[in-house]
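This briefing walks through a protein model, starting with its overall make-up and moving on to its packing, its aromatic rings and a few individual residues. Please keep the sequence and the structure in view while reading.

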Amino acid sequence: MSTRQGRYGRGGRHEMPATLDALEAAPIEVRRRRFALGRLILDAVAISALLFLSLPILVVVPMSFSSASALQFPPPGFSLRWYAAFFTDPRWIDALWTSLKVAVAASTLALLLGGSAAYGLVRGRFAGRLVVEANFILPIVVPSVITALALYLVFARIGLLGTLPGLIIGHMVLGVPVVVLVMTVAFRGFDVRLEQVAFTLGASTRVMLLRVLLPNVLPSIGAAWIFAFITSFDEVIVTIFISGTYETVPKRMFNELVLQIDPTITAIASLLTGISILLLVISALLMRSGERAKSGYD
């Protein structure tokens, strides 16, 4: 007796459930068409969601090239007057330099601290490791206003409120979780046996890190730094709470919107969007090159 007859009796095919009979009777071409239709619907929904999320960009970027003296869409003509207004205003340039200095310093410190923490979490074996790892991710989960208020209260007591070092530390706190996430994946993907071989051959910890580990995870390091840089450069809530008289570009944009609607903000928003997209593309290319190097090594 066949397996089908064993399950359904001598009637075999005639006693099988109707749904299974219908499935077996359905031509392969019909099922392929249904699958293709499902994929088409899924792609349409995904593209529609992407377009909906991109609508602000599709409106702001054309307005940044408008020749009108006020916000107007569609723009009546083409002009670079608002980009010129940004690059010729010393207040905006000072805010840009402040943002760059804070972002570079905060992302570098976040990379050092977050990278070390990620390596310890991946290679370490100690009690409460999962709790410590979850604690590093908390700044991403907790709303930014809560983090900003906590930093404000702490910095007010230790004298860092309204200082440049305090602003850098505050942005570093936001960048560390991003670095931990990226570097944790990188260290877990790196074969620990290579480190063990290096130690077996007499390499010190410093030599192993500099010649074995770091060169292999260098693309992930670059991507983690870029993500931390973007996080710091675009941050506004924490900056408003702890920056004092220091102005970054996002903070000045917020203050300008409170006082008046300046069309220069559309040019700045377009520049920030372009820079963020460029950095994300670079980080994606770095991550892909790291994956290719790893697969080639394997």
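Two residues are said to be in contact, or to touch, when heavy atoms of theirs lie within 4.5 Å. In that sense V217 touches M183, A186 and F187, with residues up to four places away in sequence left out of the count. The model is a predicted one, and the points below are to be read with that in mind.

**Overall make-up**

- The secondary structure of the protein comes to 14 helices and 0 strands, so that the order of elements from the N terminus on reads α-α-α-α-α-α-α-α-α-α-α-α-α-α.
- The protein has 298 residues, of which 33% count as buried.
- Among the contacts in the protein with a separation of 6 or more, 66% are between residues 24 or more positions apart.
- About 18,000 Å² of the protein is exposed, and carbon and sulfur atoms supply 69% of that area.

**Nonpolar cores**

- In soluble globular proteins, nonpolar side chains tend to be buried together.
- The largest nonpolar core in this model has 34 residues, and V179, M183, F187 and V217 are those with the most contacts inside it.
- Two or more residues of this core come from each of the elements α5 (90–123), α7, α8 (164–189), α10 (205–216), α11 and α12 (237–242), and the largest share, 11 residues, is given by α8.
- Another core, of 15 residues, lies apart from the largest one, and its members include F86, A95, I265 and I268.

**Helix α11 and its ring pair**

- At 1.5 Å a residue, the 16 residues of α11 should span 22 Å, and the end C-alpha atoms of the helix are indeed 22 Å apart, which agrees with that expectation.
- The buried residues of α11 are P219, S220, I221, A223, A224, I226, A228, F229, I230, S232 and F233.
- F229 and F233 are separated by about one helical turn, because they are 4 residues apart in helix α11 (residues 218–233).
- F229 has a relative accessible area of 10% and is therefore buried, while F233 is likewise buried, with a relative accessible area of 7%.

**Aromatic rings**

- A pair of aromatic rings is described by the distance of the centres and the angle of the planes.
- The structure holds 5 aromatic pairs.
- One of them is formed by F86 and W92, whose ring centres are 5.9 Å apart and whose planes stand at 55°, so the pair is tilted.
- The rings of F229 and F233 have their centres 5.7 Å apart and their planes at 20°, so this pair is stacked.
- F86 and W92 are both buried, and together with F87 they form one aromatic cluster.
- W92 also has a charged partner, in that the charged end of R252 sits over the ring of W92, 5.0 Å from the ring centre.

**T147 and F241**

- T147 lies in helix α7 (residues 144–158), and this residue is buried, with a relative accessible area of 11%.
- Leaving aside neighbours within four places in sequence, the contacts of T147 are with V142 and L174.
- F241 belongs to helix α12 and is partly exposed, with a relative accessible area of 31%.
- Although F241 and T147 are 94 residues apart in sequence, their C-alpha atoms are 9.8 Å apart in space.
- F241 touches V145, A148, L149, Y152 and L161, again not counting residues up to four places away in sequence.

**Y83 and Q196**

- Y83 has its place in helix α4 (residues 81–87) and is buried, at a relative accessible area of 13%.
- When neighbours within four places in sequence are left aside, Y83 is in contact with S64, F65, A267, S270 and L271.
- The C-alpha atoms of Y83 and P263 are separated by 9.7 Å, with these positions 180 residues apart along the chain counted as their separation.
- Q196 lies in helix α9 (residues 192–200) and counts as partly exposed, at 44% relative accessibility.
- Q196 and M208 are 12 residues apart along the chain, and their C-alpha atoms are separated by 9.2 Å.

Methods:
Residues numbered from 1 in each chain as written. Predicted model: local features only at pLDDT ≥ 70, side-chain atom pairs only at ≥ 80, totals over all residues. Heavy atoms only, no water. Buried < 20%, exposed > 50% of the residue type's maximum accessible area, 1.4 Å probe, protein only. Phe/Tyr/Trp six-rings, centres within 6.5 Å; stacked < 30°, edge-to-face > 60°. Lys NZ or Arg CZ within 6 Å of the ring centre and 35° of its normal. Areas by Shrake-Rupley, 256 points an atom, 1.4 Å probe, with all protein chains shown as cover. Expected span 1.5 Å × (residues − 1). Core = buried A, V, L, I, M, F, W, Y, C linked by side-chain atoms within 4.5 Å.
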